[in-house]
Amino acid sequence: MHFIKKSNIIRIVEYYGFLRSMKKEKRGYFITFEGADGCGKTTQTELIKKYLDNKNIENILTREPGGSELGVHLRKILLHYEKPVSNIAETFLYLADRAQHIEYKIKPALEEGKIVLCDRHTDSTLAYQGYGRNQDIETIQGLNKIAVNSILPDLTIVFDVESETAQKRLTGEKDRLEAEGIEFHKKLRAGYLDIAKKNPKRVKIVNANQGIEQVFNDTIKIIGELLNL
Ligand SMILES: Nc1ncnc2c1ncn2[C@@H]1O[C@H](COP(=O)(O)OP(=O)(O)OP(=O)(O)O)[C@@H](O)[C@H]1O
Ligand SMILES: [Mg+2]
């Protein structure tokens, strides 16, 4: 190395930085929506998609688990498998779903410059399997990192709602995770608030105790700032 001048090394590093920033310019935006069951993610993401469609902003709405073809099979297992599932098996199933989703759906859409709206992503695993099921947070973070292959959300909206209110909203037949008791859902809520506190730039909390329209207005304001709408 001693025969390469220091100034040349700096030039090479700067050139790579320039190339990466050029690549970034073309990339779309990755926005994830999080919060405990019944907080309103599906309701709001569908409204946001319509809003972007009306403005002719190219976007896709996707979800986890089940955003890829393989994921559709994994979702059935994750939400409806009737026999016991170990905490570790559950975590790895979510991560397999995520890895496939990132590679075959999210990454290609971002490379085409689209806005990717994703109903649940890495923070769900952190909240449910980490805070909810008491698995080591740092381990989950490490596993998430492997699954996403460096593709991280530009913005994450956490819909924060009283656990009792969210439970009351879930009137249909409950899936495996929704059927967990109120204590579990309180742990999730606290987990999400902690995640937001630790990632203030990326994660924004929206008060989801309000009516659907007000929640939408608050959310679109935050998204508008990111997208310069
Ligand atoms: N702000 C709100 N006020 C009152 N009811 C709401 C609100 N947002 C959503 N709902 C209703 O609550 C129920 C659950 O909402 P939704 O399915 O959007 O939640 P979710 O976060 O996607 O839940 P899950 O995690 O189980 O998929 C739906 O019947 C929906 O119409
Ligand atoms: Mg939903």
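**Close-up views of a predicted model**

**View 1. Pairing of β2 with β3.** Strand β2 runs parallel to β3 (residues 115-119), and 5 bridges join the two. Within this pairing, Asn59 is placed opposite Ile115 of β3. The model shown in this and the following views is predicted.

**View 2. The open sheet.** The 5 strands of this open sheet follow the order β2-β3-β1-β4-β5, and their pairing is parallel. The edge positions are taken by β2 (59-63) and β5 (203-207); each has a single partner strand, so one side of each lacks a neighbour in the sheet. On average, neighbouring strands are turned by 20 degrees against each other, with direction ignored.

**View 3. Helices on the sheet.** Helix α4 (residues 87-111) lies across three strands, β1 (30-34), β2 and β3. The direction of α4 is at about 155 degrees to that of β3. Helix α9 also packs on the sheet, where it touches β1, β4 (155-160) and β5. Between the directions of α9 and β5 the angle is about 160 degrees.

**View 4. Packing of α2 against α9.** The axes of α2 and α9 are 10 Å apart, and the two helices pack at an angle of about 55 degrees. Because this angle is neither under 35 degrees, nor over 145, nor in the range 65 to 115, α2 is oblique to α9. The crossing of α2 past α9 is right-handed. On the α2 side, the contact is made by Thr43, Gln44, Leu47, Ile48 and Tyr51. On the α9 side, Ile212, Val215, Phe216, Thr219, Ile220 and Ile223 take part. By class, the residues of this contact comprise 8 nonpolar, 3 polar and no charged.

**View 5. Surroundings of ligand 1.** There are 14 residues around ligand 1, of which Gly40, Lys41, Thr42, Thr43 and Arg169 come nearest. Helices α2 (41-54) and α9 (212-227) each contribute at least two residues to the shell. The largest share, 3 residues, is supplied by α2. Divided by class, the shell holds 4 nonpolar, 6 polar and 4 charged residues. Thr43 appears in two of these views: it is one of the residues that come nearest to ligand 1, and it belongs to the contact of α2 with α9.

Terms used
Residues numbered from 1 in each chain as written. Chains lettered and ligands numbered in written order. Predicted model: local features only at pLDDT ≥ 70, side-chain atom pairs only at ≥ 80, totals over all residues. Near = placed C-beta within 6 Å. Helix = DSSP H or I, 4+ residues; strand = E, 2+ residues; numbered from the N terminus. Nonpolar A, V, L, I, M, F, W, Y, C, P; charged D, E, K, R; others polar. Pairing = 2+ DSSP bridges. Axes fitted to C-alpha atoms, helices over the stretch in contact; angles between N-to-C directions. Contact = placed C-beta atoms within 7 Å. Left-handed = near helix turned anticlockwise from the far one by under 90°.
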